[in-house]
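This report covers two residues and one pocket.

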Amino acid sequence: MEWNKTIRYCKGFYKIERENRVIAANILFGNNVKLSKECFELIDDCIEKKVKVDEYFAEYSFEDREYIYKLIELLMARQIIADGNSLEEWEKKKTVSLKITNRCNLRCVHCSVDCRPDSDKEELSTSEWKQVIDKLDNKYIAGIVFTGGEAMFRNDFFELAEYAKEKVDVRMTLMTNGTLITENNADKLMELFDDFSFSIDGADEESCGKVRGKGVFDKIMRGINLLRQRGMVDYSVSFTELKINSDKKEKFIELAKNIGAEPMIRRFETYGRGADNKELLEIPDDSRFSPYKIFNEELLEMKSIPPHLMPSCINCDAIQNKYAICENGNIYPCLVLELDELCLGNVKDIESLNDFFENGKVYETEGYKYFKELHPCTSSQCNACPAKLHCTQCVRDVYLLRQRADKKEICDNYAKVIKKVWD
């Protein structure tokens, strides 16, 4: 690698210090590297002074330079630092999820937002959604995700998707249950969308039927196959692990492999209809809050974890790299953080979404202040905790933890075990 360049911290950089060590991270991706405080301070000083790397370390011995350069290469590979002369595309643009409806043609037993065909939640009209799309600029948007409910359940779904394709012209994703895909609309879907995400929650008719309804599995597979016949390549299938389908998880992964899809395993959330069916669905374990989930057997046996084997840390790009606009125009950090306390405002009251997010207006909202207090890296409750970088990968987990009576016991146990990352 050429070192005749300056370096800088990437968007999402965060560090935590303990005694003579530093863990440097990109908390948007969960990447982190452990290094000595002495080495970090040298790299930090090089960045701060905006001096080219080869010039800054010119007086160091060959062995010291080689060691530092390897650390810099590792930090660059983990997207923690980068070339000082340019920004990566992911640092410039955000992905926007448009939850255009809360209505859905299915009544899945685990639905966290209680989607149903007759949902009475307020929805933006066709013209109002077009006004939202008008506020999106492809200079600042990396992609658009259409979702619901079931996005295709809206009569104007194709009108809105075509409008977005014409006006913004960025990568478009459709999150769908796949049951409304037909011979008549499959070609149009392939014209409009670059990738697809299908919710299955089973591996066959029996397991899917318990969650999504009788006959749904065949409809989903028919929809997927219609698009595969037309050249669909980029797509995923998802499976929410529940008490009534957990024995099918491996079979689901095998199904995904057989049809060329990326398998996504999701956790059950006890909200909406899922809360009503909690006793039927929830798997009786507490693995969500187990500190051992981030350590594989190899790491547990190590006395000291080397820099290149650090386990993934918090992985949350909400607000920084993505946000969601829901059916009534309310804006949230992301789809899984669609919580009243985290509402960032309503899109109808915002003239420019770019100004709102890039020029700091979002930071003035009560929703952002609540988000900041939830995020382990910025929360006053987590300030002194040595485990705060590795306690979770999603801010939603922190929200759920704080609803529990035993949260202090869980946090103390986490901190005790996670201290191993400093060894």
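Buried means under 20% relative accessible area, exposed over 50%, and partly exposed in between, with a 1.4 Å probe and protein chains only. The model is predicted: local features need pLDDT of at least 70, side-chain atom pairs count only at pLDDT 80 or more, and totals for chains, interfaces and linings use all residues. Residues are numbered from 1 along each chain as its sequence is written, and side-chain values use heavy atoms, without hydrogens and water.

Helices (H or I, at least four residues) and strands (E, at least two) are DSSP runs, numbered from the N terminus. The two residues are placed as follows.

| Residue | Location | Relative accessible area |
|---|---|---|
| Arg-212 | helix H8 (residues 205-212) | 10%, buried |
| Pro-311 | loop between helix H13 (297-301) and strand S12 (322-325) | 6%, buried |

The side chain of Arg-212 makes a polar contact with that of Asp-201 at 2.7 Å. Such a contact is a pair of N or O atoms within 3.5 Å; within protein, one must be able to donate a hydrogen and the other to accept it, and residues adjacent in sequence count only if both atoms are side-chain atoms.

Contact in general means heavy atoms within 4.5 Å. Neighbours within four places in sequence aside, Arg-212 has contacts that include Leu-106, His-110, Asn-177 and Ile-220. With the same exclusion, the contacts of Pro-311 include Asn-32, Phe-295, His-390 and Val-421. The C-alpha atoms of Pro-311 and Asn-296 lie 8.6 Å apart, at a sequence separation of 15 residues.
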